[in-house]
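Here is a short walk through one protein model. Keep the structure in view and follow along.

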Amino acid sequence: MKTHNLTLKPDDTGYWFIVNQGKLLLTGETIQVPQGRWQELQIKEPEMVCQIGQWQQQNCYLVVCNDQADPALWFSARELLTHPESIWFELAARACQLALFLQTHRYCGQCGSRMHLVHWELAMLCHKCGFRCYPRISPCVLVAIVRQQQILLARSKRHKTGFYSILAGFVESGETLEQAAVREVKEEVGIDITNLRYVGSQPWPFPHSLMAGFIADYQSGDIVCQPDEIEEAGWFEFSLLPAVPPVQTLSGTMIEQVRLLVAEKYPG
């Protein structure tokens, strides 16, 4: 159950996902989500408070407040990605995405009037023209490509030198996930793939993506990097992998899955 636009009492307790301009308030030496009574937070006039889940019989709340000071206390949701309990990153991702939704839908995209948060579902409603909108989700495909005992990894302009990952791209209107995977690989590195197998998905709040992962086999073609998108790409043996994403990410999980598949197919 999710309750929106709450008015809290001073003694209400829970875990508090406090979002300020896309960053989370995290406390303590081990970087934790604040827990305790509402009055202890000393937050004046939040833009929105809503319940986004529960953990260990405690309510988890999103609190949006975009005018708080002391930037040293605010962190990216990535800080919780490697937390031993995956629930914290999941809730942080949801909180950041909902906060962005509120921030970017203050006014109606149809008539320009002020939008209002609906109480019975997570949506913004224009009282003048009746237009209603929901939090945006942008589907994105990840593709791990296998060629015998090698995996194709690439470095985009967004990655630091020496850091590689599998290929990724957004789904276009009218495409299936599978069509997007084939197209993105062809556009980014110029090769053809076959035998797509779905792996899984992961919400990714940077800013509002849903990652869908596939493993594919190399079919044909030589690597030709897409200008202005891919800095370099190549085939890597698993004994000589460069720096890659951690296993807490879907891309890191897929790289590890391909490694296990290759080890099973080519023992020794």
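How much space lies in the largest pocket? The answer is about 840 Å³. Remember that this is a predicted model.

Look at the walls of that pocket next. In total, 31 residues line the largest pocket. Find R158, H159, A168, W204 and M211, because among the lining residues these lie nearest the pocket's centre. Many parts of the chain help to build this wall. Strands β10 (138-147), β11 (150-156) and β12 (167-170) each supply at least two lining residues. So do β13 (192-204) and β14 (209-220), and also the helices α3 (177-189) and α4 (250-265). The largest share comes from β12, with 4 residues. What classes of residue make up the lining of the largest pocket? It has 16 nonpolar, 9 polar and 6 charged residues.

Now move to the second largest pocket. Its volume is about 220 Å³. Its lining includes E90, R94, L98, P135, R136 and L210. Both α2 and β14 supply at least two residues here. Helix α2 gives the most, with 5 residues. By class, the lining of the second largest pocket divides into 7 nonpolar, 2 polar and 3 charged residues. Strand β14 is worth a second look, as it supplies at least two residues to the lining of the largest pocket and at least two to that of the second largest.

Helix α2 leads on to the protein's interior. The largest nonpolar core has 51 residues. Which residues have the most contacts inside this core? They are F17, L24, I52 and L62. Helix α2, residues 87-104, provides the largest share of the core, 11 residues. Take L62 as a close-up. Leaving out residues up to four places away in sequence, L62 touches F17, V19, M48, V49, C50, I52, A95, L98 and A99. L98 thus appears twice on this tour: it touches L62, and it lines the second largest pocket.

There is also a second, separate core. This one has 17 residues, including L167, A181, I191 and W235.

Finish with a small sheet. In what order do its 3 strands run? The order is β7-β8-β9, in an open sheet with antiparallel pairing. The edge strands are β7 (115-117) and β9 (132-133), and each pairs on one side only. Strand β7 pairs with β8, residues 124-126, over 3 bridges. To see this pairing up close, find L117, which stands opposite M124 in β8.

Note on methods: Residues are numbered from 1 along each chain as its sequence is written. This is a predicted model: local features need pLDDT of at least 70, side-chain atom pairs count only at pLDDT 80 or more; totals for chains, interfaces and linings use all residues. Side-chain values use heavy atoms; hydrogens and water are left out. A nonpolar core is a set of buried Ala, Val, Leu, Ile, Met, Phe, Trp, Tyr and Cys residues joined through side-chain atoms within 4.5 Å. Buried means under 20% relative accessible area, exposed over 50%, partly exposed in between (1.4 Å probe, protein chains only). Contact means heavy atoms within 4.5 Å. On a 1 Å grid over the protein atoms alone, a cavity is a set of points where a 1.4 Å probe fits but cannot get out, and a pocket is an open set with protein on both sides within 12 Å along at least five of seven lines; lining residues have an atom within 4 Å of a point. Grid points are joined across faces, edges and corners, and a volume is the space filled by probe spheres set on the points. Ala, Val, Leu, Ile, Met, Phe, Trp, Tyr, Cys and Pro count as nonpolar, Asp, Glu, Lys and Arg as charged, and the others, Gly among them, as polar. Two strands pair if DSSP finds at least two bridges between them.
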